[in-house]
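Good morning, and thank you for coming. Today I should like to walk through one protein model, looking at charged side chains, aromatic rings and surface patches.

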Amino acid sequence: MLVTFKKHIDTNFPFLEGKKIMIAISGGIDSVVLTHLLYKLNVDISLAHCNFRLRGNASDEDQLFAQELANQMNVAFYTTNFDTSKYAKEIGYSTQMAARELRYDWFEKIRAKNNLDYVATAHHLDDNLETFLINFSRGTGLKGLTGIPPINKSIVRPLLVFSRDEIEQYAKENGVIWREDKSNQELTYQRNKIRHQVVPILKELNPQLVNSFKKTHEYLTGSRDIIEDKLTDITQDVIASKPSSIKTFNISKILALSNPKAYLFELLNDYGFTEWNDILGLLSAQSGKTIFSQTHRLIKDRDHFLLEPIAFKEGVQHISIFEGQDLVNLKNFRLHFKKVDISEESEFKNCIHVDADKLEFPLTLRKWEAGDYFHPFKMTGKKKVSKYFKDEKLSLIDKERTWFLCSNNDIVWVVNRRLDDRFKITKDTKKIIRIEYFEE
């Protein structure tokens with residue numbers, strides 16, 4: 001296996017040559033064999049172990065075992081302890097999901113802190129088969145069926161082409177010592193049910209199940225690559241990115257595709273959406289209809305979809321600005337206030353000049369409120385802000401992102417859009433303040 005492993009690394013992971021690799025070691029057979037293989041290839045390795053405190057003394061013994069192995073090989077060792085059960089309850093995750101999040105976050109911190117290049121995990125072919133079956137049972141697209149990626153940013157998985165049987169045979173032939181995790185036998189975990197109850201039946205039907213899956217996985221991965229190439233072209237034609245985090249999808253171009261639902265699935269699959277029939281219905285829905293995932297929202301806006309992270313919304317809705325204050329900083333923009341000496345009335349989108357004597361401090365910077373109205377610059381009479389938004393054809397997101405500079409609750413400026421005529425400079429103006437908008 002060592003010869004085959006070296007050839008696999010040279011062919012598929014050539015970028016690892018001369019790099020510093022931190023191995024995620026549990027103490028189990030898979031991670032210990034990976035450690036031995038990379039050590040024998042003279043790779044610059046270090047070991048990192050997470051103690052999840054889920055199995056009492058056994059967890060502590062795993063930690064000691066991993067540390068002793070690092071000492072024997074004279075390589076650096078990193079370790080940490082997590083109260084995994086407590087964390088899982090706090091965030092509402094399963095224990096396995098909580099442990100996964102904890103360890104990958106910690107791996108990345110340790111990697112970055114110690115100037116290491118990659119983190120290697122010991123996932124193998126049988127793990128990929130189990131992941132395939134889990135995703136298949138839940139319902140998934142092609143991405144879910146292709147399972148665990150061999151390379152994901154700083155994470156590498158060089159054992160994915162090797163089966164559990166091959167790993168066990170190498171361990172026995174080379175006298176490799178490891179620790180057994182008894183929790184791997186517990187059928188309370190879905191993966192263990194797949195491993196111990198489903199896979200054995202499938203192997204009875206096809207003794208070459210793992211090899212057959214390996215071929216199928218290669219075909220699926222190849223198909224996925226072809227789709228990714230096509231999606232790159234489609235994305236350039238269908239999606240436009242607005243400033244900041246908004247993506248705009250052209251509905252007419254989506255409808256012109258051979259299978260709009262399938263393309264929508266591929267275009268939106270990374271954003272946590274699951275109700276694909278509802279998303280398909282959004283194509284013909286009224287403007288303003290919104291569908292949410294846990295992380296994003298998709299809004300129908302006339303002839304487009306708007307996609308943005310839910311986390312965008314600011315917690316602060318009202319900000320006081322005191323007389324003499326020359327700068328206001330927000331997340332996405334800042335306002336500069338400066339006393340100036342000019343005589344002409346003026347109004348621009350990003351810079352206004354106002355009559356200082358008409359302002360009542362402290363000013364307020366706030367969001368739109370029901371019933372708001374203002375007197376648009378160089379127009380007679382007042383106008384509801386809702387009507388102004390409609391006339392300007394602002395999307396729901398644009399409306400939510402619009403701020404209003406107010407004096408005693410009278411709108412002075414629809415920020416970066418329109419001055420209120422009541423605060424403009426006139427021939428009688430004695431003191432002038434320039435207010436300028438800068439986007440971050």
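I shall begin with the charged side chains, then turn to the aromatic rings, and end at the surface. Please keep in mind throughout that this is a predicted model.

Let us start with charge. Side chains of opposite charge can pair when their charged atoms come close. How many salt bridges does a search of the whole structure find? The search finds 28. I shall present three of them.

The first example joins the side chains of Arg-164 and Glu-130, with 3.4 Å from N to O. This pair links distant parts of the chain, since Arg-164 belongs to helix α8 and Glu-130 to helix α6, which covers residues 125–138. The two residues are 34 residues apart. Are these two partners buried or exposed? Arg-164 has a relative accessibility of 18% and therefore counts as buried, the cut-off being under 20%. Glu-130 is also buried, because its relative accessibility is 2%. Both residues belong to a network of salt bridges, which also includes Asp-126, Asp-127, Arg-191 and Arg-195.

The second example is the salt bridge between the side chains of Lys-253 and Asp-237, at 3.3 Å from N to O. Lys-253 lies in helix α11, residues 251–255, and Asp-237 in helix α10, residues 209–238, so this pair ties together parts that are 16 residues apart in sequence. Lys-253 is partly exposed, with a relative accessible area of 34%. Asp-237 counts as partly exposed too, at 44% relative accessibility.

In the third example, the side chains of Arg-422 and Asp-410 meet at 3.8 Å, N to O, in a salt bridge. Where do these partners sit? Arg-422 is in the loop between β21 and β22, while Asp-410 is in strand β20, residues 410–414. They are 12 residues apart, and the pair links distant parts of the chain. Arg-422 is partly exposed, at 28%, and Asp-410 is partly exposed, at 30%.

We now come to the aromatic rings. The structure holds 15 aromatic pairs. In one of them, the rings of Tyr-104 and Phe-107 have centres 6.1 Å apart and planes at 90 degrees, so the pair is edge-to-face. These two residues are 3 residues apart in helix α5, which means that about one helical turn separates them. Both Tyr-104 and Phe-107 are buried.

Phe-389 and Phe-404 form another aromatic pair, this one tilted, with 6.2 Å centre to centre and 50 degrees between the planes. Phe-389 is in helix α14, residues 385–392, and Phe-404 is in strand β19, residues 403–407. The pair thus links distant parts of the chain, 15 residues apart. Phe-389 and Phe-404 are both buried. Together with Trp-368, Phe-374 and Tyr-388, they form one aromatic cluster.

Finally, let us consider the surface. Which residues form a nonpolar patch there? They are Ile-91, Tyr-93 and Met-97, with about 260 Å² of accessible area together. Met-97 lies in helix α5, residues 95–113, and is partly exposed, with a relative accessible area of 45%. Helix α5 is also where we met Tyr-104 and Phe-107.

There is a negative surface patch as well, formed by Asp-165, Glu-166, Glu-168 and Glu-180. Glu-168 is placed in helix α8, residues 164–173, and counts as partly exposed, at 30% relative accessibility. Helix α8 also contains Arg-164, the partner of Glu-130 in our first example.

Definitions and conventions. Residues are numbered from 1 along each chain as its sequence is written. This is a predicted model: local features need pLDDT of at least 70, side-chain atom pairs count only at pLDDT 80 or more; totals for chains, interfaces and linings use all residues. Side-chain values use heavy atoms; hydrogens and water are left out. Patches are made of residues with over 30% relative accessible area and no salt bridge: like charges are joined within 9 Å, nonpolar side chains (Val, Leu, Ile, Met, Phe, Trp, Tyr) within 5 Å. Accessible areas come from the Shrake-Rupley method with a 1.4 Å probe; for residues, only the protein chains shown count as cover. A salt bridge is a side-chain nitrogen of Lys or Arg within 4 Å of a carboxyl oxygen of Asp or Glu. Lys and Arg count as positive and Asp and Glu as negative; His and the chain ends are not counted. The place of a charge is taken as NZ of Lys, CZ of Arg, CG of Asp or CD of Glu. Helices (H or I, at least four residues) and strands (E, at least two) are DSSP runs, numbered from the N terminus. Buried means under 20% relative accessible area, exposed over 50%, partly exposed in between (1.4 Å probe, protein chains only). Rings of Phe, Tyr and Trp (its six-membered ring) pair if their centres lie within 6.5 Å; planes under 30 degrees apart count as stacked, over 60 as edge-to-face and the rest as tilted.
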